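Welcome! Take a moment to look over the chain shown here, and then we will walk through it together.

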Amino acid sequence: MSGWSGWPTQGQISHNTSELDGGALKVSFTNNASYNTFGLKHDTNVPVQNGQWYRMRFSIVSDMMGEVLVGFKGQSQVSGPEMEGDRYIPFDGNRRDVTLFFQSSITDQGFLSFTNSYTEGIYYLDNVELLRVSATPVDPFTKQQLFLNDQATEQTFTLNGCWSDVNGVTYSGSIDVAPYSSIVLVKEDDGDCTATGNEEIAPSALTANGMSVFPNPVEAGNMITIAGTGMSTGALRLFDMQGKRIWSARFNGDNSQYVVPSAVQPGSYQLNVENGTTMHKLRLIVL
Ligand SMILES: [Ca+2]
């Protein structure tokens with residue numbers, strides 16, 4: 001291996017030809033005669049600037065379970081424990097493609113540092129990358145909001161755009177929140193609250209294209225089982241007869257079960273199960 005080194009000398013760095021993407025750096029450190037942890041670094045120092053944001057990426061896998069402490073170490077930090085953006089990252093037999101962001105608090109030259117314990121001594125590392133990036137603050141409240149009613153009467157809150165609750169029920173325009181209760185909503189694409197793929201289905205079409213749902217009719221708040229689609233994954237969407245999306249969920253394959261959210265009003269609905277290439281749809285009656 002060239003370009004990388006480590007301490008103490010009991011740690012061995014080698015080129016493994018089979019792991020990760022066409023070969024990887026292998027760390028093997030199982031002897032703590034000198035020290036309990038092994039520090040891996042690249043030999044060419046690179047600069048960072050105070051206040052700038054950086055993106056660190058690498059791929060890691062191992063034959064065992066353990067963790068590495070990763071971060072950027074400036075020359076001014078070599079003799080102490082300080083690092084920029086330092087985090088513990090677990091490793092095991094599952095490949096991890098890690099992306100970390102950090103804002104540097106130093107202007108310095110330095111290196112990416114990977115530190116592991118001799119008791120978790122072996123891992124494979126590949127695709128190590130450090131890039132300066134520009135960062136734009138994102139207000140998390142534009143994507144998710146808590147609506148809290150601390151009054152003794154129902155309150156109505158105005159909604160801007162399309163939102164869904166944790167059950168996938170969609171809301172637009174406004175939402176009513178019961179006395180002394182609250183609801184969390186997550187922003188959806190505006191199109192998700194409007195008609196897509198809705199078609200007239202004869203009321204008798206309680207099975208279609210082999211798909212079946214039972215029980216049908218179903219009471220809101222109760223479980224339905226979906227079968228006969230031949231799909232292993234996909235999306236489940238419920239539309240009202242005006243074509244407005246009422247509920248959506250991830251479809252988990254035939255004979256999987258779902259609770260029809262209790263907020264779904266009694267009526268006749270179109271239930272779609274689709275996976276991008278195939279769409280099954282049938283009429284679902286909610287009582
Ligand atoms: Ca590689």
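In which order do the 4 strands of the open sheet come? The order is β20-β19-β22-β23, and the pairing is antiparallel. At the edges of this sheet you will find β20 (245-251) and β23 (279-286), each of which pairs on one side only. On average, neighbouring strands here are turned by 20 degrees against each other, direction ignored. Keep in mind as you read that this is a predicted model.

Now let us step back to the whole chain. The protein is divided into domain 1 (4-133), domain 2 (140-193) and domain 3 (207-286). Between the C-alpha centres of domain 1 and domain 2 there are 43 Å.

Next, some strand pairs. The table lists three of them, with the number of bridges and one pair of residues that face each other.

| Strand | Partner strand | Sense | Bridges | Example of facing residues |
|---|---|---|---|---|
| β19 (residues 234-239) | β20 | antiparallel | 6 bridges | glycine 234 and phenylalanine 251 |
| β3 (residues 24-28) | β11 (residues 122-133) | antiparallel | 4 bridges | lysine 26 and tyrosine 124 |
| β6 (residues 53-61) | β11 | antiparallel | 8 bridges | methionine 56 and leucine 130 |

Notice that β11 appears twice: β3 pairs with β11, and β6 is joined to β11 as well.

On to the nonpolar cores. In soluble globular proteins, nonpolar side chains tend to be buried together. Here, the largest nonpolar core has 24 residues. Which of them have the most contacts inside the core? They are Leu238, Ile246, Tyr269, Leu271, Val273 and Leu284. Two or more residues each come from β15 (181-188), β17 (211-214), β19, β20, β22 (267-274) and β23. Why does this core lie between domain 2 and domain 3? Because both domain 2 (140-193) and domain 3 (207-286) give residues to the core, it lies between them.

Valine 273 makes a good place to zoom in. Leaving out residues up to four places away in sequence, valine 273 touches Met211, Ile226, Thr229, Met231, Gly234, Leu236, Phe251 and His280. Two of these names may look familiar: glycine 234 and phenylalanine 251 are bridge partners, the latter in β20.

Apart from the largest core lies another one, of 22 residues, including Leu40, Met56, Ile60 and Phe72. You have met Met56 already, as the bridge partner of leucine 130 in β11.

Methods: Residues are numbered from 1 along each chain as its sequence is written. This is a predicted model: local features need pLDDT of at least 70, side-chain atom pairs count only at pLDDT 80 or more; totals for chains, interfaces and linings use all residues. Domain bounds come from an automatic or database domain assignment. Two strands pair if DSSP finds at least two bridges between them. Axes are lines fitted to C-alpha atoms, for helices over the stretch in contact, and angles run from 0 to 180 degrees between N-to-C directions. A nonpolar core is a set of buried Ala, Val, Leu, Ile, Met, Phe, Trp, Tyr and Cys residues joined through C-beta atoms within 7 Å. A residue is buried if 20 or more other C-beta atoms lie within 10 Å of its own, exposed if 12 or fewer, and partly exposed in between; C-beta atoms are placed from the backbone. Two residues are in contact if their C-beta atoms, placed from the backbone, lie within 7 Å.
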